[in-house]
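Hi,

Here is the structure I said I would pass on. Have a look at it first, and then read my notes below.

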Amino acid sequence: NALPQDITCLAADRMLIFASYDNILHAFARNKEVVHTYEGHKARIHLLQPFGDHVISVDVDNVLIVWNIQSEDMLIRKLHFSVPFSTIGCGTAALAPSLKSGSSLVFTSLGKTEFLQIIFCKLLYSFPGWHLTVTTLEQAPAVDVVAVGLVSGHIILHNIKFDETLMKFQQDWADGHPVMAAGSPIGHIALWDLEEKKLMCQMQDAHSTAIAGMSFVPGEPLLITNGADNAIRVWIFDGPGGTGRVLRSRMGHSAPPTKIRYHGQNGEQILSAGSINKKKSKKKGLRLDTMALPPITVFASEVAHQSDWDSIVACHQGYITCTTWNYQKTSMGAHKLTPEEFSKHKPIDIYATAVDITSCGNFAVIGLSTGWVDVYNMQSGIHRGRYGKERAHEGAIRGVAVDGLNQLIITAGSEGLIKFWKFKTKDLVYSSELSSSPSGILLHRDSGILGVAFDDFSISVLDIETRKIVRTFSGHHGRINDMTFSPDGRWLITSSMDCTIKTWDLPSG
């Protein structure tokens, strides 16, 4: 179930997921439906901590409420903490064995520490802390011992029962078997040997941005980390020297995606393309040849032969080379498709602008800013020819499309012409002048209708059999970024820089 506003706080126990927006707290069961709602805060909730049969919430006005999860009753409402909270941590009897009920450690942002017994809301201990903001808190397996991370980068192991600091660490990311892990704002992980009280090793650039969360898997040599780079990684410690290696990882886009497309006809797979974090490409240890590539501007894919060779071709911003990608291996492909003239040196001012793949999956057709249209074999990557005597168009290619039977190829140029070519012989069949300069084209292969978006924000629909414009639509007030047909070809859907998505009904106009 969607909540009515942006979720600002999230926590989970083994049964429920707790999510809050503004001053309302909800509990989700089975990751989908809201089963409990907790209302009582007057200000925005910014901290949550599930705790046995209870959940603790704290708002920005420093009101702490303890809720009974099942009955939704407010057990405790404690007001007037002297300074704002920055984090909450909870422990059970392992944290304070003298207590019959559960207890919670509550840290305020100036480092003053209050230790609450939940059921009776009685302040048991208060110690001065370290006069620095507490950023994170983790209970050690040892009774009464808590690791406290401070904003200064210090880590303190503290016995909260006797208010005694056992040991203190400060990482400076120098050279150095893992018992305690600490993450840095620039993506490093330090591993500390608590018996020797020294830094054992460090994992440089575990993430390309700040490490947001870390958790060891109890009883396993595994550490799970996530970062602001939209990646989650599982590290295994099974090698010499105590350092970890990536066992598995999942990574989303670290910047907004630039293009999304359905892959195949069943509507079950989506391909999304984006840019790569520039800082990440310079980091040692994360260096891959994909890192050097500019953002993908347009790509095409086909399912035919995708188990035999690469099935995706992509153009990159300001880049003459088109890259191939393999859907089966979910990896970068074998070929870099570049015109033969530029195999030795890459020009700065010539770049690929449009691409399409034949429905058989054998050929890629690539348009360039020079007006050239080239054909390449997808299996071998070999250049198979060029359309036009010198070039297909006088202006930059704004779109290429191949029909479903590999009979025709349609190209659009920035000079305002649309041309039809025989796919095999590369002869020009027909040329027509458009009302304005096109910004992109899209062919619905099953019905043979071609959508053309223009620089003046209008859209035309062309029948490739009769080569006549059958519909014209206007209504957008900004550049048309993308368009798609519904599977039956009755609707054309367009998205624009004017922040609208419009659906056009082709039969009725």
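UniProt, in an unreviewed entry, puts the feature "repeat: WD" at residues 204-235, 390-431 and 473-509. Keep in mind that what you have is a predicted model. I looked at two of those spans in it. Residues 204-235 are 53% strand and 0% helix, and their end C-alpha atoms sit 13 Å apart. For residues 473-509 the strand share is 49%, again with 0% helix, and the end C-alpha atoms are 8 Å from each other.

Next, one of the sheets. Strands 13-14-15-16, in that order, make an open sheet of 4 strands with antiparallel pairing. Its edges are strand 13 (134-139) and strand 16 (164-170), each of which pairs on one side only. From one strand to the next, the twist averages 20°. Inside this sheet, strand 14 (residues 145-150) and strand 15 (residues 154-159) run antiparallel and are joined by 5 bridges. If you want a spot to zoom in on, Val145 faces Asn159 of strand 15. As a reminder, strands of a sheet pair through backbone hydrogen bonds.

Then there is His335, which belongs to strand 29 (residues 331-337). Is His335 buried or exposed? Its relative accessible area is 16%, and the cut-off for buried is under 20%, so His335 counts as buried. The His335 side chain gets to the backbone oxygen of Gln379 at 2.9 Å. Leaving out residues up to four places away in sequence, His335 touches Asp310, Cys322, Thr323 and Thr324, along with Met378, Gln379, Ser380 and Gly381.

Cheers

Note on methods. Residues numbered from 1 in each chain as written. Predicted model: local features only at pLDDT ≥ 70, side-chain atom pairs only at ≥ 80, totals over all residues. Heavy atoms only, no water. UniProt positions renumbered as here; feature names shortened; annotations may be inferred. Helix = DSSP H or I, 4+ residues; strand = E, 2+ residues; numbered from the N terminus. Buried < 20%, exposed > 50% of the residue type's maximum accessible area, 1.4 Å probe, protein only. Polar contact = N/O pair within 3.5 Å; in protein donor to acceptor, adjacent residues only side chain to side chain. Contact = heavy atoms within 4.5 Å. Pairing = 2+ DSSP bridges. Axes fitted to C-alpha atoms, helices over the stretch in contact; angles between N-to-C directions.
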